[in-house]
Amino acid sequence: MALILNEEQKMLKDSANEFLAMNAPVEQFRTLRDNNYQAFDEELWQEIVEMGWTALTIPEEYNGLDFGYVGLGQVMEEMGKSLTKAPLFSSIVLAGTALVNSTNQGLKSTWIPALMNGTKRLAFAQDEQSYFDPSNIATTAIETAEGYVINGHKKMVVDGAGADGFVVVAKTDEGEVGLFLVDANCKGMAITTEVLLDAGTYAQVEFKDVNVGSSQRICETGKGDELLNLINNTAAICLAAEMLGMITEAFGQTVAYLQERQQFGKRIGTYQALQHRAAKLFCEIELCKSIVIKALQGLDEGAVNLDELASLAKAKLGETIKIVTNEAMQMHGGIGVTDDVNIGFYFKRARVAQRLFGDYNYHLDRYARLNAY
Amino acid sequence: MKTALEDFRLETRKWLEENCPASMRTPVKDSGDFFWGGRNATFQNEDQKIWFEKMLEKKWIVPYWDTKYGGGGLSDVENNILTQEMTRLGCRKPIFSFGISMLGPALHKFASEEQKMRFLPEITAGKTWWCQGYSEPNAGSDLAGLQTKAEDKGDHYLINGSKVWTSYADKSDWIFCLVRTDFDAPKHNGISFLLIDMASEGVSTRPIKLISGKSPFCETFFDNVKVPKENLIGTLNDGWTIAKYLLTHERQMIGGVGETDVRRELHEIAKENLPLRDGTLADPVLRSEIAVQGMNDSIFEMTIQRIMDEAKTGVNAGALSSFFKYYGTEQNVSRMELLTAITGSDGLVWESENEDAKVQARLFCRSKGNTIEGGTSEIQLGIIAKRILNLPS
């Protein structure tokens, strides 16, 4: 398949760009942060729902658009450019992927329309340590007569505060992972929140003898590991798309600064020491664009090497965004480390995006393992 | 339409399977394995001769050129299919020719029809071995500072000067050359593009021995060489335009764009050579270096495809040739460095009774030239900074 957008995908990207420039520029990110780290703007979220972005990856049988991940990736990229805060990633990319690929018809028919229409939202509770390691889940879901009892502690739950429920990853009696949909008001749950470097709010969720009905199990026995892997691949690829937007925007602002800032009576962009570093970043960004579209297409096609594409995407984007944001700060000089300009926002959001769903080291190692070395 | 292309693919696959000898489907070890063509063409072996002649008969020496120049007249899509099928079977190129990869595109764009009819069919027939006369002892990165002089003597130009890094000049039949035709104009505006027969009186060459032990390059001297005026390509004093155009093709060639050679994966070589622990490479540092190389090689390949796909929709990819050249050669240099680490002392063998054993150390040394020839990495980064990023001069 050609590694370019088709006409409809281009139109979606352009309209997302236009909408966000008008309704959610970076200044809105600053406003939300200054408003005691507000997670997102509910009004904007409902407008996003009206734009149809929450329906892009929802099948037609649920009245979704079935437009695909290449399309959703364009939206994620544009949101990355303007650092838009909205629960699209948590409720649609994470919980949405879990439910769309679920075998539990009851949960699907209740929750998929609610997520798509923005009437409810779900968060995804997986991490238990300070690092990403889906192969070591300690949270347990022990089968009882009526369902399951869940015990464990989750952290780094994106948009966890105020969510109507959680998709919880827990080890079952069979020794595989199971995914369970747990209402936020279940007895035995304690939700606390932390603000991280990126001014985002992340929840920690304590599960203490939380009883859930057997109808809350998202997928049947024997399919949990596979579904979790698909969610994690999808998350890595969509985050990579968001990071691409952040990278191109931070780099664009930096190049513009090199073109205008004067020192020693010359524009600093004339200095070869800076020119060559900027040119090297350009090259790395060209590679980033390619792996992101390739991986998004892989999601739509159900590529057999999706694991590899996801790890290549998250590893490459993770490493490049580190270098690009560091260089962006350095090239902006003193002004770059002040809160007056926006470039620092990209640097701070980058560090969180790098860690979420596996950092550079994790995915480079996974890529090597997938290739049997 | 799709069926016609599917048919073409199946026919092509069948034809290649029937006509490409088995030994021509093995990876080339070095440039000595190529067939170069030319007036005094010599084949390394019978299979090479068969393969070249079969492809010549099929008009697939340059499959995508017009049939009136001896090309195969294939569309871009058909040519892509042919390339894919050749890659799939591991078929070698039937000939290695700067006439095809560099001069040809320039002649197509800038030469008169008469000149095209004179030179292109000789290229598609593999009868002319072309070399490139660009750099001079005092004009390397500053190519436009070249001083080889072409004086107007009425019916001919009189050439005096010297060129350096002329690839295989000692074996070539013709040279495409940048010469200075106006010494008073600003340096970029006094250069012309001239084709010179290497058999002309006053042309001499001297091979340059490289650290690889081989001599693919020469110095070429012009001592009162007479060149007919009809050998001028394009407009007098506007040769820099052609030079730049041609350099974009050279950069893509050196950067490996459109390369059909199948290279072995580094991690496979590593697993054969180095200790393992639980089935993975025991050395964690080397393992991660191999993974970084693999990641970037693989994504660079996707990037070539993406930019080619974009070019088909009309996006101008011209300035990106500097990106291809820079990234492709840096990747090749780091790959050879890693290969040398992976193969340990075996990869350092310089002389041996076993001819195969000494190939790698020489290729490693040769690779050091990749980031220099065709414009250094620093020159490419400068072009990216100025032409793509619009950073000020």
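User: What percentage of the 393 residues in chain B is buried?
Analyst: This is a predicted model. A residue counts as buried if 20 or more other C-beta atoms lie within 10 Å of its own. In chain B, which has 393 residues, the buried share is 38%.

User: What radius of gyration does chain B have, and why can that be said to agree with a compact globule?
Analyst: A compact globule with 393 residues would have a radius of gyration near 21 Å. Along the principal axes, the C-alpha atoms of chain B fill a box of roughly 75 × 50 × 45 Å. The value for chain B agrees with the globule because it is 22 Å.

User: How far apart do the C-alpha centres of domain 1 and domain 2 of chain B lie?
Analyst: Chain B is divided into domain 1 (2-94), domain 2 (130-240) and domain 3 (263-388). Between the C-alpha centres of domain 1 of chain B and domain 2 of chain B, the distance is 32 Å.

User: Which helix gives the largest share of the largest nonpolar core?
Analyst: The largest nonpolar core has 147 residues, and Val167(A), Phe180(A), Ala240(A) and Ala313(A) touch the most other members. The largest share of this core is 19 residues, and these come from residues 224-260 of chain A, helix H7.

User: How many residues are in the other core, which has Trp36(B) among its members?
Analyst: This core lies apart from the largest nonpolar core. Its members include Trp36(B), Leu82(B), Met86(B) and Phe119(B), and its size is 66 residues.

Key
Residues numbered from 1 in each chain as written. Chains lettered and ligands numbered in written order. Predicted model: local features only at pLDDT ≥ 70, side-chain atom pairs only at ≥ 80, totals over all residues. Domains from an automatic or database assignment. Core = buried A, V, L, I, M, F, W, Y, C linked by C-beta atoms within 7 Å. Buried ≥ 20, exposed ≤ 12 C-beta atoms within 10 Å, placed from the backbone. Helix = DSSP H or I, 4+ residues; strand = E, 2+ residues; numbered from the N terminus. Rg over C-alpha atoms; globule rule 2.2 N^0.38 Å.
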